[in-house]
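Trainee: Hi, could you walk me through this one? I'd like a look at it before we talk.

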Amino acid sequence: MYVAVKGGEAAIRNAHALLAKKRRGEESVPEIGLDQIAGQLSLAVDRVMAEGSLYDRELAALAIKQARGDLIEAIFLARAFRTTLPRFGASVPVDTGAMRIERRISATFKDLPGGQVLGPTFDYTHRLMDERLATKAEGAPSPLAGEGWGEGEEGREFGAVPTDGSHPSPPAPLPQGERGETPMPRVTDLLGGEGLIEPSPADDGTPPRDLTREPLSFPADRPLRLQALARGDEGFLLALGYSTQRGYARTHPFVGEIRFGTVEVSLPVEELGFAVPLGDISVTECQSVNQFKGSATEPPQFTRGYGLVFGQSERKAMSMALVDRALRFKELGEEKSAPAQDEEFVLSHCDNVQATGFVEHLKLPHYVDFQAELDLIRRMRAEAETAPGTEDMKEAAE
Amino acid sequence: MRSEPPRTEPQIAAVADPAAEQTAREVMMGLYARATRAELQAAVERFQPLPQLKKLRPAEAGLIMVQGRTGGDGAPFNLGEATVTRAAVQLAGGATGVSYLLGRDPAKAEAAAILDALWQDSALRLAVTDALTPVRRRLAVEAAIAAEETEATKVNFFTMARGED
């Protein structure tokens, strides 16, 4: 029960002023700019975009600044902001097969077309504090200098990156959408060619259900589950994914492939009669390859879990793939034995804005509720004390 | 910035059939989307004085739902939203220019809509294409650098001989 409580206006005003002061921090230190947050805390920005379910780097940076770096608060701000804007439509589904790759690795095939491309990764770093970053360091090392991963490739010289717009490789006329690279085949397509892995569920033209338009209801089909997971809390999904590895609904996963890079987004526009390219967004995709069972109608084949998130976050994409796979237990004829398989449990609790709203509402005034309980417990005690046979009960309790 | 020498791109100028024209227009829209506001405004400047403009739809920000596909190539699902700005202008006695771009930048969307309108005038098509050359060039350079940096992180495996034989 909520009761309107009057008073405290001045206290609230001052609390918000104090919040603003604390947010700004020591005034002799320059204020942080959105470009600095977007450029140098880019993975925090990615997380706010993914879980805020709103792709806009500048807005996410603003939210992080306003939230003093509290990412769930920033995600909350992003969710609130989106309610102020009209919806123009739904994009053409992005084609991750045509991704401009910045990272692409497979844990199942060493030599695969396109190769293992590490990209900007924390993997293989030693997790030692880098004191150079504590001071105003000179520029970052060149990623082309061959000093990074230590393979010592020889003769690799790129020279200085030109600043005048000229470049060693002549800018040839680009094909449509300005993407010239040959697409890297998905690992799942390599296995699919042999029929050793289940195909993706076919697109029958049904528009996917949308959590932002209708409340979550069960049973949730896979597209709806994927939407919920894509915007779900990274920590919650990480823990659930981990639980499946530790034996709570084991799915025997391999990372078939992780890829991160940019994909083009286009929007079908009715007045034009074609899909307009809107620009590029960064996404991370994880394809898990899991154990097989087969059935009366299907030969044994690998099964799959899928993860796709805004920005660069393979921890999230991997967790999503693990949980997606676990949630498919019924379809794949597996026993239900663990929380990660329970769609009601997973989907109802993976949204950190909802979760924080309900947990944190406990701190709001519950004076009347509590008074009622206080009265109740006093009455119960009073009744217990005066009731006949109280002495016996006391003795029994002792 | 040094001025670009006028270039002839007959393959675009000579477009006659509607399908090819639409494809060419999409390519230009993809360029506007990836250009900066300053780049688009500089391109519009080349066409001053502009014909009388009617803002059919003042630039407005909104959202689109970005969809992905299950497994990368299967049934679609809703991945999350993205901000988009759109605008539409009509040139006096001319075409309607439309723009849709990621982000929230009304001035950029308006410049893109103007360029789209100008481009539809076959007499100006070459000039509009040419005005976007710096953008095309910058994107190509950035893509080349990014591709090279990414390529440098590709793993070359060494095979070690093990065992007796």
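Trainee: Let's start with strand 3 of chain A; how many of its residues are buried?
Mentor: Six of its six residues are buried, which leaves strand 3 of chain A mostly covered. A residue is buried when 20 or more other C-beta atoms lie within 10 Å of its own, exposed with 12 or fewer, and partly exposed in between, with C-beta atoms placed from the backbone. A strand here is a DSSP run of E with at least two residues, a helix a run of H or I with at least four, and both are numbered from the N terminus.

Trainee: Thanks! Anything I should know about the model itself?
Mentor: It is a predicted model, where local features need pLDDT of at least 70 and side-chain atom pairs count only at pLDDT 80 or more, while totals for chains, interfaces and linings use all residues. Residues are numbered from 1 along each chain as its sequence is written, and chains are lettered from A and ligands numbered from 1 in the order in which they are written.

Trainee: Which strand does strand 3 of chain A pair with?
Mentor: Strand 4 of chain A, in the antiparallel sense, over five bridges. Two strands pair if DSSP finds at least two bridges between them. Within that pairing, R103(A) stands opposite F260(A) in strand 4 of chain A.

Trainee: What sheet does that belong to, and in what order do the strands come?
Mentor: Four strands of chain A form an open, antiparallel sheet in the order 3-4-5-6. Strand 3 (100-105) and strand 6 (303-310) of chain A are the edge strands, each pairing on one side only. From one strand to the next, the twist averages 25°.

Trainee: And how many bridges join strand 4 to strand 5 of chain A?
Mentor: There are 15 bridges between strand 4 (residues 254-269) and strand 5 (residues 274-290) of chain A, which run antiparallel. R259(A) has E285(A) as its bridge partner in strand 5 of chain A, and S266(A) stands opposite P277(A) in strand 5 of chain A.

Trainee: What's in the hairpin of strand 4 and strand 5 of chain A?
Mentor: Four residues lie between the strands, and G273(A) there takes a positive phi near 80°.

Trainee: Zooming out, what does the secondary structure of chain A come to?
Mentor: Chain A has 13 helices and six strands. Of its 398 residues, 33% count as buried.

Trainee: Pick a helix pair in chain A for me.
Mentor: Try helix 4 (residues 57-66) and helix 5 (residues 71-82) of chain A, which pack at an angle of about 130° with their axes 8 Å apart. That angle makes helix 4 of chain A oblique to helix 5 of chain A. The contact involves L59(A), A60(A), A63(A), I64(A) and Q66(A) of helix 4 and L71(A), A74(A), L77(A), A78(A) and F81(A) of helix 5 of chain A. By class, this contact of helix 4 with helix 5 of chain A has nine nonpolar, one polar and no charged residues.

Trainee: What do those terms mean?
Mentor: Axes are lines fitted to C-alpha atoms, for helices over the stretch in contact, and angles run from 0 to 180 degrees between N-to-C directions. Under 35 degrees is roughly parallel, over 145 roughly antiparallel, 65 to 115 roughly perpendicular, and the rest oblique. Contact means C-beta atoms, placed from the backbone, within 7 Å. Ala, Val, Leu, Ile, Met, Phe, Trp, Tyr, Cys and Pro count as nonpolar, Asp, Glu, Lys and Arg as charged, and the others, Gly among them, as polar.

Trainee: Over to chain B: how do helix 2 and helix 4 of chain B pack?
Mentor: Helix 2 (residues 18-34) and helix 4 (residues 106-119) of chain B pack at about 155°, with axes 10 Å apart. That makes helix 2 of chain B roughly antiparallel to helix 4 of chain B.

Trainee: Which residues meet there?
Mentor: R25(B), M28(B), M29(B) and Y32(B) of helix 2 meet A112(B), L115(B), D116(B) and W119(B) of helix 4 of chain B. This contact of helix 2 with helix 4 of chain B has six nonpolar, no polar and two charged residues.

Trainee: Is G97(B) buried or exposed?
Mentor: G97(B) is buried, with 23 other C-beta atoms within 10 Å. It lies in strand 3 (residues 96-102) of chain B.

Trainee: Last one: how many residues of chain A are in contact with chain B?
Mentor: 70 residues of chain A are in contact with 56 residues of chain B. Strand 5 of chain A gives the largest share of the side of chain A that touches chain B, eight residues. That side of chain A has 36 nonpolar, 18 polar and 16 charged residues. Strand 1 of chain A also pairs with strand 2 (residues 76-91) of chain B in the parallel sense over two bridges, and L54(A) stands opposite E81(B) in strand 2 of chain B.

Key
Two residues are in contact if their C-beta atoms, placed from the backbone, lie within 7 Å.
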